Amino acid sequence: MKISEDKKNDIMAVSVSGEINIDTSPDLRKAFDQYAKQGIKKVIIDCANLTYIDSSGLATLIELMQRLKKIKGELKICNLAEKVKSVFEVTKLDKLFDICSNQEQAVERFK
Amino acid sequence: MIINEEIKLFPQEVPSFTKKIIKKLKINGIKEKVLFDIKLALNEALINAIKHGNKSDKKKSVFLKITRQKDKLEICIEDQGKGFDYQNLQLPTDENNLTKQSGRGVFLIKNFMDELVFFNQGCKLKMVKHLNREGR
């Protein structure tokens, strides 16, 4: 998994490529630890290049969303590919997360 | 095609192992969308077997057998644990369970494979994927 970050104003857009699984989840957690230290409360995870997610990855995203909620922050997820989206849909986590079509829509929904 | 492996891994080592298995299946001409489903189910089942079955004890093994018959892929996984109550699993899609950190593995296998059967108090499972379908 590779993570690239783009901060605009108070929003951190995190592009995740590859897989979020039991092996790579700790890297995403570490990235979020840094955002917390920087006081960032609005985070977008851009999944345009995310090819795979499993139950460990889903659990990590739930944990990160809850961490942000505790500090009155928000997590948006965008650009899910068809197969990855199907994992969210089957588990009904598409109802739990705010899933957006793209980064622009995610930014708009923070307002 | 037959894959027959005795596995002694930690849970976090499973994705790399599964990647190699999926590569072998890809060479056998299985479609990308179907491979995604198999990869997901294989990862979930192996991690469950190692983590919950064998309690991450590397002295214990997990046995993996994959066989292909024309348009059907059959995967059998067996751990050396004590089993689990697979008939009374909570539904992760219930509103009260949505934010839970665990409990989605077997549910994902059921939904992304075409058949799932448990044996031996849950220490062994057989899952089947029909390869002529488009995947989930």
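# Exercises on a predicted two-chain model

In this predicted model, contacts link 22 residues of chain B with 19 residues of chain A.

## Exercise 1: The side of chain B that touches chain A

Determine which elements give two or more residues to the side of chain B that touches chain A, and which of them gives the most.

*Solution.* Step one is to list the elements. Two or more residues come from each of helix H1 (14–27), helix H2 (32–53) and helix H3 (105–112) of chain B. Step two is to rank them: H2(B) gives the most, with seven residues. Step three is to sort the residues on this side of chain B by class, which yields nine nonpolar, eight polar and five charged residues.

## Exercise 2: The overall form of chain B

Describe the secondary structure of chain B and decide how its radius of gyration stands against the globule rule.

*Solution.* Begin with the elements: chain B holds three helices and five strands. Their order along the sequence is β-α-α-β-β-α-β-β. Next, compare the radius of gyration, 15 Å, with the 14 Å that the globule rule gives for 136 residues; the two values are close, so chain B is as compact as a globular protein of that length. The C-alpha trace of chain B spans about 40 × 40 × 25 Å along its principal axes. Finally, consider burial and contacts. Of the 136 residues in chain B, 32% are buried. Among contacts in chain B with a separation of 6 or more, 65% are between residues 24 or more positions apart.

## Exercise 3: The sheet of chain B

State the strand order of the open sheet in chain B and identify its edge strands.

*Solution.* The five strands are arranged in the order S1-S2-S3-S5-S4, with antiparallel pairing. Strand S1 (2–7) and strand S4 (115–119) of chain B each pair on one side only, and these are the edge strands. From one strand to the next, the twist averages 10 degrees. For a closer view of one edge, take S1(B) and strand S2 (residues 62–69) of chain B: they run antiparallel and are joined by six bridges. Within this pair, Ile2(B) is opposite Thr67(B) in S2(B).

## Exercise 4: Strand S5 of chain A

Establish whether strand S5 (residues 74–78) of chain A is mostly covered or uncovered, and find how it runs relative to strands S3 and S6 of chain A.

*Solution.* First, count the buried residues: four of the five in S5(A) are buried, and the strand is mostly covered. Second, examine strand S3 (residues 42–46) of chain A, which runs parallel to S5(A) and is joined to it by five bridges; here Ile44(A) is opposite Lys76(A). Third, examine strand S6 (residues 98–100) of chain A, which also runs parallel to S5(A), with three bridges between them. In that pair Ile77(A) is opposite Ile99(A).

## Exercise 5: Two helices and one residue of chain A

Find how helix H1 (residues 25–37) of chain A packs against H2(A), then place Leu68(A).

*Solution.* The angle between H1(A) and H2(A) is about 10 degrees, and their axes are 10 Å apart. Angles under 35 degrees count as roughly parallel, so H1(A) is roughly parallel to H2(A). Among the residues that meet are Leu28(A) and Phe32(A) from H1(A), and Thr60(A) and Leu64(A) from H2(A). Leu68(A) belongs to helix H2 (residues 55–70) of chain A. Leu68(A) is partly exposed, because 19 other C-beta atoms lie within 10 Å, while a buried residue needs 20 or more. Leaving aside residues up to four places away in sequence, Leu68(A) touches Lys41(A), Val43(A), Gly73(A), Glu74(A) and Leu75(A).

Key: Residues numbered from 1 in each chain as written. Chains lettered and ligands numbered in written order. Predicted model: local features only at pLDDT ≥ 70, side-chain atom pairs only at ≥ 80, totals over all residues. Rg over C-alpha atoms; globule rule 2.2 N^0.38 Å. Buried ≥ 20, exposed ≤ 12 C-beta atoms within 10 Å, placed from the backbone. Contact = placed C-beta atoms within 7 Å. Pairing = 2+ DSSP bridges. Nonpolar A, V, L, I, M, F, W, Y, C, P; charged D, E, K, R; others polar. Axes fitted to C-alpha atoms, helices over the stretch in contact; angles between N-to-C directions. Parallel < 35°, antiparallel > 145°, perpendicular 65-115°, else oblique.
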